[in-house]
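Here is a set of exercises to work through with the structure open beside you. Try each task before reading its solution.

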Amino acid sequence: MKKQEVVIIGAGLVGSLLSIYMSKKGHAVTIYERRNDMRTETVEAGRSINLALSDRGIKALKEVGIIDDILGIAIPMHGRYIHTAEGIHAFQPYGKTGEFINSVSRYELNCRLMDLAEHHGVSIKFNHKCEDIDWQKNEITFHVGQDELPVVPFSLCFAADGAFSAARLAHMLHHNKFDYNQYYIDCGYKELSIPAGENNSFLLEKNALHIWPRKDYMLIALPNTDGSFTGTLFFPFEGPLSFERLTTKEAVTSFFKTTFPDVVDIIPDLADQFFNNPTSSLVTVKCFPWIRDGKFCLIGDAAHAIVPFFGQGMNAGFEDCSILNTLMDLHGDDWETILSTFQKLRKPDGDAIADLAVNNFVEMRAKTADPNFLLQKKIESK
Ligand code: FAD
């Protein structure tokens, strides 16, 4: 295989993992990342503090040889732990033969992927924000601090710059038949940390994904290794019960006391967190084509951003990398074939998981609390 100079835009989860695959194939890889280096400086908190890592993601992490390290900092979640409005607690296992998913810190995962990338010789240039791409000259313009706009030539570029990808915009604006569909759901989310108990004990069942289903909205919580849980409230932006109506500390406390009574006692600074933590939106992005002339390809959220209700966004992005790796094995230097086959294989899968993820919001926020469903699961789990 001919050694390529590969440019990756974005050192998030997918860009960092992709760079490891590429450098293991012998390519010279440079990643350009908009943020500071999160390993040495405090950076603005990313989306979601912890993530559910499942089989698709695990397969990819195995392939690059980092899975033992990551599972060492992950907490297995063997099922959903439901907290109904009536005060019933029910455990719904993920499978009959001990299947589980893993809660892992986004920060730790990203840091370890960047460490491994550098270990394999990848160069990561931080504070480089992709601004534009010149498709005739094959040059990328970055913004670096004040008025500095370095231009980087490329022969092969992967855009892993996330759901609001600047590279995708440059691709779209200079394409005469680019399909683009962006869809926001009417719920937003807010993270609320549930602290650890004494001696880092877990105040809720440790090995479970907790759900407080309340029909039109829900609270979930995933465990962290320090005994805390990261709770996420998925809640309407507008309407009688919505973020726009919870405008005072008293209103927040009263709402939680009535709706999530078992949570109020374990989050002492609930109202402060509610007003200090941002409310964020949830978007699905479907687009086509992902590639251009055997020299450019969207990957991860830049190609297929999805809502988090299946816990599959990162996992699908990791699977993108694994499949690309297989295609490199099959097609050597033929990047036209590698990229067009990648797109052909992955676009239908990206569309499918996007739709499944939207539908799973209803399952999580409403159906998990359905008395028939609870009963059925109870019988199944006997
Ligand atoms: P990102 O993680 O967004 O990384 C993009 C990188 O590109 C960032 O480092 C960013 O700084 C950089 N960047 C952005 N713009 C530029 C630019 N112009 N120039 C240079 N760099 C740039 N997925 C799961 O699999 N399991 C889960 O449990 C799960 N839970 C989630 C919960 C929530 C609340 C949310 C919102 C998402 C969740 N996801 C989950 C989805 C997951 O977060 C994403 O699918 C994943 O982060 C995508 O990785 P990425 O590298 O493609 O994009």
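Two residues are in contact if their C-beta atoms, placed from the backbone, lie within 7 Å. Helices (H or I, at least four residues) and strands (E, at least two) are DSSP runs, numbered from the N terminus. Residues are numbered from 1 along each chain as its sequence is written. The model is predicted: local features need pLDDT of at least 70, side-chain atom pairs count only at pLDDT 80 or more, and totals for chains, interfaces and linings use all residues.

**Exercise 1. Find which residues of helix α5 are buried, and what covers them.**

Step 1: apply the burial rule. A residue is buried if 20 or more other C-beta atoms lie within 10 Å of its own, exposed if 12 or fewer, and partly exposed in between, with C-beta atoms placed from the backbone.

Step 2: go along α5, residues 166-173. The buried residues are Ala166, Ala167, Arg168, Ala170 and His171.

Step 3: look at the cover. It includes β1, β9, β12, β17 (280-288), β18 (291-292) and β19.

**Exercise 2. Work out which strands pair with β12, and in which sense.**

Step 1: recall that two strands pair if DSSP finds at least two bridges between them.

Step 2: start with β1 (residues 5-9), which runs parallel to β12 and is joined to it by four bridges. Here Ile9 stands opposite Ala159.

Step 3: turn to β19 (residues 296-298), which pairs with β12 in the parallel sense over three bridges. In this pair, Ala159 stands opposite Leu298.

Step 4: check the faces of β12 (residues 156-159). Leu156 and Phe158 are buried on one side, and Cys157 and Ala159 are buried on the other.

**Exercise 3. Describe the shell around the ligand.**

Step 1: use the cut-off for the shell, which is a C-beta atom, placed from the backbone, within 6 Å of the molecule.

Step 2: count the residues. There are 33 around the ligand, and the closest are Gly10, Gly12, Gly162, Gly300 and Gly313. The elements giving two or more residues are α1 (13-24), β3 (50-53), β9 (129-134) and α9 (313-331). Of these, α9 gives the most, with four residues.

Step 3: sort by type. Ala, Val, Leu, Ile, Met, Phe, Trp, Tyr, Cys and Pro count as nonpolar, Asp, Glu, Lys and Arg as charged, and the others, Gly among them, as polar. The shell then divides into 14 nonpolar, twelve polar and seven charged residues.

**Exercise 4. Compare the burial of Tyr32 and Phe91.**

Step 1: place Tyr32, which lies in strand β2 (residues 28-32). Tyr32 is buried because 26 other C-beta atoms lie within 10 Å.

Step 2: list the contacts of Tyr32. Leaving aside neighbours within four places in sequence, they are Val7, Ile9, Lys125, His128, Cys130 and Phe142. The C-alpha atoms of Tyr32 and Phe142 are separated by 8.5 Å, with their positions 110 residues apart along the chain.

Step 3: place Phe91, found in strand β6 (residues 89-93). Phe91 is partly exposed because it has 15 other C-beta atoms within 10 Å. With the neighbours within four places in sequence left aside, Phe91 is in contact with Gly79, Tyr81 and Ala208.

**Exercise 5. Locate the backbone features that stand out from the general pattern.**

Step 1: remember the background. Most residues other than glycine have a negative phi, and most peptide bonds are trans.

Step 2: examine the hairpin. β9 and β10 (residues 139-143) pair in the antiparallel sense over five bridges, with Asp132 opposite Thr141. Four residues lie between the two strands, and Asn138 in the turn has a positive phi of about 55°. Asn138 is partly exposed, with 17 other C-beta atoms within 10 Å.

Step 3: move to the loop between β18 and β19, where Asp293 sits. Its phi is near 50°, a positive value in a residue other than glycine. Asp293 counts as exposed because it has 10 C-beta neighbours inside 10 Å.

Step 4: finish with the peptide bond from Phe288 to Pro289, which is cis, with omega near 0°. Pro289 is in the loop between β17 and β18.
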